[in-house]
Structures are given as structure tokens and as C-alpha cells.
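I opened this notebook to keep a record of what I looked up, going from the whole chain down to single residues.

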Amino acid sequence: MATTAWRDLALDSNGDLILTGGDLRLVQGTAAIVQECRTALGLWAGEYPFDVEVGTSWQTILNTKAISDATITAEVRRVLLDVDGVGSVDNIEIARNTVARKAAITEPVRGNEGAVLNVPTVELGVGV
């Protein structure tokens, strides 16, 4: 399947719909897959009322004292591999700032066709 088959409504960095001249804008191809990755990582389990099973376990992870990088990595990998169009998630990097109690997670993602997808770094806070 070609990546151009993926289409979605375009969202800005805040998750709001993008309008162009009063019309909803579409995103397609690898940009649509990247947007879905960003959306999947930002959705907390139980937040989506039509399917409370979907989403990340950030609530549990962020409230766990001394959470391991392996636990965070496993959750990021699980969520991203559930996104249609993602073929692999390699070498997840976690940069912790224990003073600010934050972590930046960089997740190199490859699409089904092998193309590298530029998924934005995820920033987590509290309890990491």
C-alpha cells in the first residue's frame, strides 16, 4: 500500500483543526502518519469516550516513582506500533532532567515502506 493512501484532517501543534479559507484542511501520506503518531502519544488511556482502552498509560507511568527507561520505552513502542502505517520504532532515546522532573523522548519511526518519519519529541513531566 502506498503511503499516499493515508489521509486525515489536518491538526496544528495544539491538536486543533486547521482551516484554510473556512475549509477544513487535509493531511496525507507520511504527514498523516506522523500526525497520527503524535496524536496517539498524546492520548491518555481512558480519555477517548468511545474506546477507553485506546491511549497511553502516562497516568500510571508518571505517577510511578523511579520509573525505568525500559518501561517508558516499551509504552512508546507499543503505542506507536499500533498506528497504521508505522513499520518499526528503533532506538528510543530518553533524556531525563531530574531537577525539572521532565523527560524528552525521541522516537525514530519508520513507515511500512521504510521511510523515516519525523515524529516530534515527546515531553513528559512529573515523576520521571
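The entries below begin with the overall fold and then turn to a few chosen residues.

**Entry 1, the fold.** I note at the outset that I am working from a predicted model. I looked up the secondary structure first and found that the protein chain has 3 helices and 10 strands, which, read along the sequence, follow one another as β-β-β-β-α-α-α-β-β-β-β-β-β. I then checked the radius of gyration, which is 15 Å, close to the 14 Å that the globule rule gives for 128 residues, so the protein chain is as compact as a globular protein of that length. Along the principal axes, the C-alpha trace spans about 45 × 30 × 25 Å.

**Entry 2, burial, contacts and surface.** I asked what share of the protein chain counts as buried, and the figure is 34% of the 128 residues. Among the contacts with a separation of 6 or more, I found that 40% are between residues 24 or more positions apart. The exposed area of the protein chain is about 7,700 Å², and carbon and sulfur atoms supply 52% of that area. For the charges, I recorded 10 positive and 17 negative side chains, with the centres of the two sets 8 Å apart.

**Entry 3, the aromatic pair.** I searched for paired rings and found 1 aromatic pair in the structure. The partners are Y48 and F50, whose ring centres lie 5.5 Å from one another with 70 degrees between the planes; because an angle over 60 degrees counts as edge-to-face, I logged the pair of Y48 and F50 under that heading. How exposed is each partner, Y48 and F50? Y48 has a relative accessibility of 39% and therefore counts as partly exposed, whereas F50, at 72%, counts as exposed. I placed Y48 in the loop between α1 (30–42) and α2 (58–62), and, leaving aside neighbours within four places in sequence, I found Y48 in contact with L43 and V54.

**Entry 4, helix α3.** I chose T73 as a residue to look at in helix α3, which covers residues 69–81. T73 has a relative accessibility of 15%, and because buried means under 20%, T73 counts as buried. When residues up to four places away in sequence are not counted, T73 touches I92 and I94; I94 falls within the limits given for β6 (93–97).

**Entry 5, strand β5.** I then turned to V89, which lies in strand β5 and, with a relative accessibility of 5%, counts as buried. Which residues does V89 contact once the neighbours within four places in sequence are left aside? I listed R77, L80, L81, E107, P108 and V109. I also noted the C-alpha to C-alpha distance from V89 to N112, which is 11 Å in space for residues that are 23 apart in sequence.

**Entry 6, a backbone angle.** I finished at N91, which is not a glycine and yet has a positive phi of about 45 degrees. Where does N91 sit with respect to β5 and β6? N91 is in the loop between β5 (86–89) and β6 (93–97), and I recorded N91 as exposed, with a relative accessible area of 62%.

Key. Residues are numbered from 1 along each chain as its sequence is written. This is a predicted model: local features need pLDDT of at least 70, side-chain atom pairs count only at pLDDT 80 or more; totals for chains, interfaces and linings use all residues. Side-chain values use heavy atoms; hydrogens and water are left out. Helices (H or I, at least four residues) and strands (E, at least two) are DSSP runs, numbered from the N terminus. The radius of gyration is taken over C-alpha atoms; the globule rule is 2.2 Å times the number of residues to the power 0.38. Buried means under 20% relative accessible area, exposed over 50%, partly exposed in between (1.4 Å probe, protein chains only). Contact means heavy atoms within 4.5 Å. Accessible areas come from the Shrake-Rupley method with a 1.4 Å probe; for residues, only the protein chains shown count as cover. Lys and Arg count as positive and Asp and Glu as negative; His and the chain ends are not counted. The place of a charge is taken as NZ of Lys, CZ of Arg, CG of Asp or CD of Glu. Rings of Phe, Tyr and Trp (its six-membered ring) pair if their centres lie within 6.5 Å; planes under 30 degrees apart count as stacked, over 60 as edge-to-face and the rest as tilted.
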